[in-house]
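Subject: Structure for your review

Dear colleague,

Please find the structure below, together with an account of what was found in it. I would be grateful if you could read the two side by side.

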Amino acid sequence: MPLPHVARPPYLNLRDLRRPRLSLSRAGQRRAVQTTMLLSVLALLPMTWTFAVADERLRTVDTVPRTEVAVVFGAGLRDGKPSSYLAHRLDTAAELYREGRVDVILVTGDNSEEHYDEPHAMSMYLTRHGIPHAAIISDFAGFDTWDSCVRAKKIFGVDRAVLISQGFHIRRAVALCESAGVQSYGIGVPGTHNATWYYSGVREIFAAGKAALDAAFEPEPRFLGPKEPRVVRAASNERRSADQ
């Protein structure tokens, strides 16, 4: 029995195939370059803002004006103790206190979990290094830099402060505290230039964007709470003790 006739498929010539044309016209290429440049500029604007605000406010331990309050921002714990970056910040604050450049040290950090308490670890570190407990005030709801700055102003009544952090963070801290109404000077303390340092520097590009939004819209901190004028009282007590 003969097989049914099957139509033969047409012969396919591979030379007839053409690659899809992906090239842009010159005008399209120009627009793509311009768009990329515009996005890059927009991405860097917040960082430029932090530099512009903070540059004239940066000091060293020797040149910072005498100020009642030093604010130390949390920077992580290792086995319940301050990380090396945080220890450098606390050492600088202790030096300012011993030299009579500040009366009170406000330590602000994260205590959102039962077994993670940055302010307590910071306070214990300072007391072990000779700072009186009465001169240390703890802010347990400094969940980020904006929250710490707003709470320093609204909760603890801080109008003027020297801020202490690493160089990659200090400009953002000054810019945000200035926006929150705290006249600020910043000390960028040294740190080991390891992977954490470089990662933090890159992270600041993105964090500056959030900082600009915080400064523009002024959101309430995650937790505000009642006023605690302990900073003002502690500073007054320290001044009286120094005068006696």
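A salt bridge is taken here as a side-chain nitrogen of Lys or Arg within 4 Å of a carboxyl oxygen of Asp or Glu. Arg101 and Glu99 form such a bridge, because their closest N and O atoms are 3.9 Å apart. Of these two partners, Arg101 counts as buried at 17% relative accessibility, whereas Glu99 counts as partly exposed at 43%. Please note that this is a predicted model.

Salt bridges

Across the whole structure, the search finds 10 salt bridges. One of them joins the side chains of Glu220 and Lys154, with an N to O distance of 3.1 Å. This pair links distant parts of the chain, 66 residues apart: Glu220 belongs to the loop between α6 and α7 (230-243), and Lys154 to helix α4 (residues 145-154). Glu220 is partly exposed, at 47% relative accessibility, and Lys154 is also partly exposed, with a relative accessible area of 39%.

A further salt bridge is formed by Asp214 and Lys210, whose closest N and O atoms are 2.7 Å apart. Both residues lie in helix α6, where a spacing of four residues places them about one turn of the helix apart. Asp214 counts as buried at 9% relative accessibility, while Lys210 counts as partly exposed at 42%. Through salt bridges that share partners, Asp144, Lys210 and Asp214 are joined into one network.

A polar contact in a loop

Asp103 is located in the loop between α2 and β5 (104-108). Is this residue buried or exposed? With a relative accessible area of 6%, Asp103 is buried. The side chain of Asp103 makes a polar contact of 2.5 Å with the side chain of Arg66.

Aromatic rings

A pair of aromatic rings is described by the distance of the centres and the angle of the planes. In this model, the count comes to one aromatic pair. The ring centres of Tyr85 and Phe168 are 6.1 Å apart and the ring planes stand at 85°, so the pair is edge-to-face; the cut-off for that class is an angle over 60 degrees. The two rings connect distant parts of the chain, with Tyr85 in helix α2 (residues 84-98) and Phe168 in helix α5 (residues 167-179), 83 residues apart. Tyr85 is buried, at a relative accessible area of 8%. Phe168 likewise counts as buried, with 18% relative accessibility.

Another ring has a charged group as its partner: the charged end of Arg57 sits over the ring of Tyr185, at 5.0 Å from the ring centre.

Nonpolar surface

Which residues make the nonpolar surface patch of about 310 Å²? The patch is made by Val202, Ile205 and Phe206. Phe206 is part of helix α6 (residues 195-217), the helix that also holds Asp214 and Lys210. Phe206 is exposed, because its relative accessible area of 65% lies over the 50% cut-off.

When you view the model, I would suggest beginning with helix α6, where the salt bridge between Asp214 and Lys210 and the patch residue Phe206 can be inspected together.

With kind regards

Terms used:
Residues numbered from 1 in each chain as written. Predicted model: local features only at pLDDT ≥ 70, side-chain atom pairs only at ≥ 80, totals over all residues. Heavy atoms only, no water. Phe/Tyr/Trp six-rings, centres within 6.5 Å; stacked < 30°, edge-to-face > 60°. Helix = DSSP H or I, 4+ residues; strand = E, 2+ residues; numbered from the N terminus. Buried < 20%, exposed > 50% of the residue type's maximum accessible area, 1.4 Å probe, protein only. Lys NZ or Arg CZ within 6 Å of the ring centre and 35° of its normal. Patch = residues over 30% accessible without salt bridge, like charges linked within 9 Å, V, L, I, M, F, W, Y side chains within 5 Å. Areas by Shrake-Rupley, 256 points an atom, 1.4 Å probe, with all protein chains shown as cover. Polar contact = N/O pair within 3.5 Å; in protein donor to acceptor, adjacent residues only side chain to side chain.
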